[in-house]
Amino acid sequence: MLKNVDLKHLSCFLSAVESSSFSHAALIQDLSQPSLSTRIRQLEQAVGATLFHRHGRGVEPTPAARTLYERINPLVAQLQTALVEASAIDSMYQGEVVVGIVPTVAGRLSVKLAAGARKKMKVRVVESFSGHLQEWLLQGDIDIAVCTAMPRRRGITQTLIRAEPLQLVGPADSGPTRNEVRFRSLQEVPLILGSPQHAIRQILDQTARRLGVTLRVQHEVDNLEAQLRFVRQGLGYAILSEGALTGTPQSNELRMCRIIEPQIQRHLVVATYPKNEAAKPAVKSVAAQIARLLRTGNRNRC
DNA sequence: TTACACCTCGGTATCCGGAA
DNA sequence: TTCCGGATACCGAGGTGTAA
């Protein structure tokens with residue numbers, strides 16, 4: 001019976017009841033008066049009842065129209081709200097989002113992130129160290145940083161994902177025979193560490209100063225792949241976070257020993273800059289997705 | 001893939017009826 | 001009689017379905 005009746009018909013009807021005038025209703029609905037009149041006539045044909053008494057000075061809703069109005073008014077309002085909400089949600093999954101990731105996490109996160117991106121959303125991944133990522137975030141070059149927790153900086157929001165114990169990484173056939181190594185013992189082995197700006201290096205330097213330990217830094221190498229190559233060639237030991245080797249080739253050629261006394265950790269965070277979030281609604285959803293992926297990955301390993 | 005026919009929608013111009 | 005507002009006629013634009 002209600003064939004060919006759509007939201008436009010109902011909106012016109014509601015406006016006509018409220019204004020008691022087709023002309024005023026047409027203005028409200030941004031239509032010409034004849035067009036609105038046609039809509040009302042189609043609705044009357046569909047309902048099978050007269051909804052308005054026409055007279056020389058406007059129209060008057062019939063009892064049938066008043067009953068219909070009471071029933072559909074809240075439904076149309078709900079429907080219009082739902083449409084607005086759906087449109088807002090859709091805009092959250094559009095556009096390009098640039099994510100900066102520290103190398104020790106990039107390997108395990110990048111592919112999952114790209115695979116999980118929505119159709120209308122493009123996720124671009126760049127790799128660098130925590131210090132660089134902080135600067136890029138503030139400059140607006142990237143939208144999200146997945147990095148080691150940084151000192152509080154104005155405007156940056158950090159969400160802690162997890163604490164990752166640091167481990168000594170050496171060739172599988174050498175190094176300490178136990179699965180744990182004391183921090184003080186690190187002064188006895190040649191180390192391959194990142195430059196002093198590197199977040200893990202800063203954690204190590206800070207702990208060493210506190211304990212009065214002098215670290216033997218044999219090579220300063222910022223690139224993760226290069227560090228691992230140095231280690232495989234027996235040039236020294238790297239110190240990396242748990243999970244850093246996940247997904248890297250030849251990880252079975254390497255051996256990891258957890259550092260204890262004290263156990264040192266790096267805190268992995270997802271950092272965003274609220275100004276970027278306001279400009280790109282998609283940033284919030286991607287940041288949430290990253291947090292979910294990293295936390296899930298953590299559970300899987302355990 | 002393109003061209004054509006058909007349909008729907010919304011516009012303007014005009015007519016008509018009723019109230020002041 | 002005048003003015004206001006709804007109804008009707010007609011036209012153009014755009015979308016859709018179908019056949020070549």
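This briefing walks through a predicted model of a protein chain with two DNA strands. Chain A has ten helices and twelve strands (helices, H or I, are DSSP runs of at least four residues and strands, E, of at least two, numbered from the N terminus). Residues are numbered from 1 along each chain as its sequence is written, and chains are lettered from A and ligands numbered from 1 in the order in which they are written. Because the model is predicted, local features need pLDDT of at least 70 and side-chain atom pairs count only at pLDDT 80 or more, while totals for chains, interfaces and linings use all residues; side-chain values use heavy atoms, with hydrogens and water left out.

**The chain as a whole**

- Of the 302 residues in chain A, 42% are buried (buried means under 20% relative accessible area, exposed over 50%, and partly exposed in between, using a 1.4 Å probe and protein chains only).
- The accessible surface of chain A is about 16300 Å², and carbon and sulfur atoms own 50% of that surface (areas come from the Shrake-Rupley method with a 1.4 Å probe; for residues, only the protein chains shown count as cover).
- Take the contacts in chain A between residues at least 6 apart in sequence: 75% of them join residues at least 24 apart (contact means heavy atoms within 4.5 Å).

**Around DNA strand B**

- Eight residues surround DNA strand B, and Ser 32, Pro 34, Ser 35, Arg 39 and Arg 57 come nearest (a residue is near a strand if one of its heavy atoms lies within 4 Å of it).
- Sugar and phosphate make up 58% of the atoms of DNA strand B that come within 4 Å of the protein.
- By class, the surface near DNA strand B has two nonpolar, three polar and three charged residues (Ala, Val, Leu, Ile, Met, Phe, Trp, Tyr, Cys and Pro count as nonpolar, Asp, Glu, Lys and Arg as charged, and the others, Gly among them, as polar).
- Ser 32 places a backbone N or O atom 2.7 Å from a phosphate oxygen of DNA strand B.
- Two side chains also take part: a polar atom of Ser 35 lies 3.2 Å from a phosphate oxygen of DNA strand B, and a polar atom of Arg 39 lies 2.6 Å from a phosphate oxygen of that strand.

**Around DNA strand C**

- Twelve residues surround DNA strand C, with Phe 22, Ser 23, Ser 37, Arg 54 and Arg 57 coming nearest.
- Here sugar and phosphate account for 71% of the DNA strand C atoms that come within 4 Å of the protein.
- Helix H2 (22-28), helix H3 (33-47) and strand E2 (58-61) each supply at least two residues of the surface near DNA strand C, and H3 gives the most, with four residues.
- This surface near DNA strand C holds three nonpolar, six polar and three charged residues.
- A backbone N or O atom of Phe 22 sits 2.6 Å from a phosphate oxygen of DNA strand C.
- From the side chains, a polar atom of Ser 37 lies 2.3 Å from a phosphate oxygen of DNA strand C, and an N or O atom of Arg 54 is 2.3 Å from a phosphate oxygen of DNA strand C.

**A buried arginine**

- Arg 266 belongs to strand E12 (residues 265-272) and is buried, with a relative accessible area of 1%.
- The side chain of Arg 266 makes a polar contact with the side chain of Ser 241 at 3.1 Å (a polar contact is a pair of N or O atoms within 3.5 Å; within protein, one must be able to donate a hydrogen and the other to accept it, and residues adjacent in sequence count only if both atoms are side-chain atoms).
- Leaving aside residues up to four places away in sequence, Arg 266 touches several others, including Val 102, Arg 108, Arg 162, Glu 164 and Ser 241.

**Cysteines**

- The structure holds zero disulfides (a disulfide is a pair of cysteine sulfur atoms within 2.5 Å).
- Cys 12 is buried at 0% relative accessibility, and Cys 147 is buried with a relative accessible area of 0%.

**Backbone details to look for**

- Most residues other than glycine have a negative phi, and most peptide bonds are trans.
- Ser 20 is not a glycine, yet has a positive phi of about 50 degrees.
- You can find Ser 20 in the loop between helix H1 (7-19) and H2, where Ser 20 counts as partly exposed at 32% relative accessibility.
- Glu 261, also not a glycine, has a positive phi of about 50 degrees and is placed in the loop between E11 and E12.
- The peptide bond from Glu 261 to Pro 262 is cis, with omega near 0 degrees, and Pro 262 lies in the loop between strand E11 (254-260) and E12.
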